[in-house]
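Colleague: Could you take one part of this model and go over it closely for me? I'd like to see how it ties in with what surrounds it, so don't hold back on the details.

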Amino acid sequence: MTESPTGKPRHEFQTDDRALWPIAEKVAAQARLSTADGIALYRSPDILAVGWLANLVRERLHGDVTFFNVNRHINPTNVCVASCRLCAFGKKKGDAGTYTMALEEAWASASTGYSEAVTEFHIVGGLHPDLPFEYFLDLVAGLKVRFPQVHIKAFTMVEVAFLAKRAKLSIPEALEKMKSAGVDSCPGGGAEIFADRVRHIICDHKIDGGEWLETAKMVHKAGLRSNATMLYGHVENEEDRIDHMVKLRAVQDETGGFQTFIPLAFHPQNTMLGHLPKTSGFDDMRQIAVGRLMLDNFAHVKSYWQMVTPKMAQISLRFGADDIDGTVVEEKIYHEAGATTEQGMRRAELERLIREAGRVPFERDTLYHAVTRSEDSFTIAV
Ligand code: V47
């Protein structure tokens, strides 16, 4: 048995791709990977070796534990001023197929679907030109009154910036009002790809990459945790993806406020980029692995089963992912864009998927505390 670059017996890490050898040494030494390392990982034909390295990091952090949660998505409106080419969900005011939930409707929808007690409401929606900030504050406050035990993960950085501007408040002022209403953390959407060249093509009217990152810093400074996504598989290249992850890593060094990195596979159907092909399983696994290796200061990498399919999400648990998200119940954003997965999945099914991948399911709340269930109630270990 010879020594491999990781210092482990060679039968555990073998690759003919010499470009990976110095990277493996860094991973073994828990040293930070550079932009050039990231590019080498993307360009390596040996996806199993890349996955092996990512799995090493994943198991170092979490062993076999795989996180999931019992959550429900709520999308209060699909009316949106942004007209992003990447999106099949948002519609212009007055277009056919638009909807905006009355508050009572949104509160009622929160309790529909599975009977299992949810621990999280995940709330995101369009940038509505007329709905006042108070609508969103009342929405959250009404949910808190009706479901006081449920964590509210609401409003992406894009929505936070938009709502603050419309209410003529600074972002920190708007965040204080959101927190008082009951917002407990923020989801990671709207990040897309930070590079201007790409953003101009896929989401021209959204805040730019720098603004997204600055808003995230303000969210963390306000005491809220958040996630960070990256939309891949459209017009970006490998350099753009690495640039995106390096920028997230820098903010995380500063604030420590990100919980989870979530690569989102682009679904082209019904979008203005409908001519593009879907991502391949190869790219999906490689992206999870490169994300795990580049983002050394993120505790979690999520493989969102709705985006990559439950089968690929299982495989990703050997490629660096330690979280597969949740029951969701109702999903509109990717299903408008042609996602063929179910809109929701029961808790027992999520657990089965994880067990069959040889991992140990761990029900978490939004902040990764353990959830213990009895009948239809739950307790959270803090
Ligand atoms: O920002 C929109 C993406 C995001 C498409 O924080 C699309 O836990 C693929 O951010 N094809 C919203 N993706 C969803 C999101 C999210 C999801 C799950 C968990 C969390 C979390 C956050 O969906 C948008 C955009 O990047 N998106 N359209 C599309 N056609």
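Modeller: Sure. One term before we start: by contact I mean heavy atoms within 4.5 Å. Keep in mind that this is a predicted model. I'll take helix α5 as the part to look at and work outwards to the ligand.

α5 covers residues 133–146. Its 14 residues should span 20 Å at 1.5 Å a residue, and the end C-alpha atoms are indeed 20 Å apart, so the length agrees with what you'd expect. The buried residues here are F133, Y135, F136, L137, L139, V140, G142 and L143. When you look at that list on screen, remember that an α-helix has 3.6 residues a turn, so residues three or four places apart point the same way. What lies over these buried residues? The cover includes the strands β2 (71–74), β3 (120–123) and β4 (151–154), along with the helices α4 (103–110), α6 (157–166) and α7 (171–181).

Two of those neighbours lead somewhere odd. Between α6 and α7 there is a loop, and K168 sits in it. K168 has a positive phi of about 55° without being a glycine. That's worth a second glance because most residues other than glycine have a negative phi. K168 counts as exposed, since its relative accessibility is 76% and the cut-off is over 50%.

Now go to β2, where you'll find N71. N71 has a relative accessible area of 0%, so it is buried. Its side chain makes a polar contact of 3.1 Å with that of E120. Beyond its sequence neighbours within four places, N71 touches V118, E120, D325, G326, T327, V328 and V329. D325, one of those partners, belongs to strand β9 (residues 323–326), and D325 also has a positive phi, about 70°, again without being a glycine. Unlike exposed K168, D325 is buried, at 3% relative accessible area.

From there, on to the ligand. There are 25 residues around the ligand, and K153, G188, G190, E192 and H267 come nearest. By type, this shell splits into 13 nonpolar, eight polar and four charged residues. As for polar atoms, a nitrogen of the ligand is 2.9 Å from a polar backbone atom of L86, and an oxygen of the ligand is 3.2 Å from a polar backbone atom of G189. N227 uses its side chain instead, with a polar atom 3.0 Å from an oxygen of the ligand. The protein covers 96% of the 620 Å² of accessible area that the ligand has on its own.

Two strands, β6 (225–232) and β7 (258–265), each give at least two residues to that shell. I262 is in β7 and is buried, at 6% relative accessible area. Among the contacts of I262 outside its own stretch of sequence are N227, A228, T229 and M230, plus K302 and Y304. So N227, which reaches the ligand through its side chain, is also a contact of I262. I262 and S303 are 41 residues apart in sequence, yet their C-alpha atoms are 6.5 Å apart.

If you'd like another helix to set beside α5, try α11 (residues 281–294): it has 14 residues and reaches 20 Å, close to the expected 20 Å. In α11, 12 of the 14 residues are buried, including R286, I288, V290 and L293.

Definitions and conventions: Residues numbered from 1 in each chain as written. Predicted model: local features only at pLDDT ≥ 70, side-chain atom pairs only at ≥ 80, totals over all residues. Heavy atoms only, no water. Near = heavy atom within 4 Å. Polar contact = N/O pair within 3.5 Å; in protein donor to acceptor, adjacent residues only side chain to side chain. Areas by Shrake-Rupley, 256 points an atom, 1.4 Å probe, with all protein chains shown as cover. Helix = DSSP H or I, 4+ residues; strand = E, 2+ residues; numbered from the N terminus. Nonpolar A, V, L, I, M, F, W, Y, C, P; charged D, E, K, R; others polar. Expected span 1.5 Å × (residues − 1). Buried < 20%, exposed > 50% of the residue type's maximum accessible area, 1.4 Å probe, protein only.
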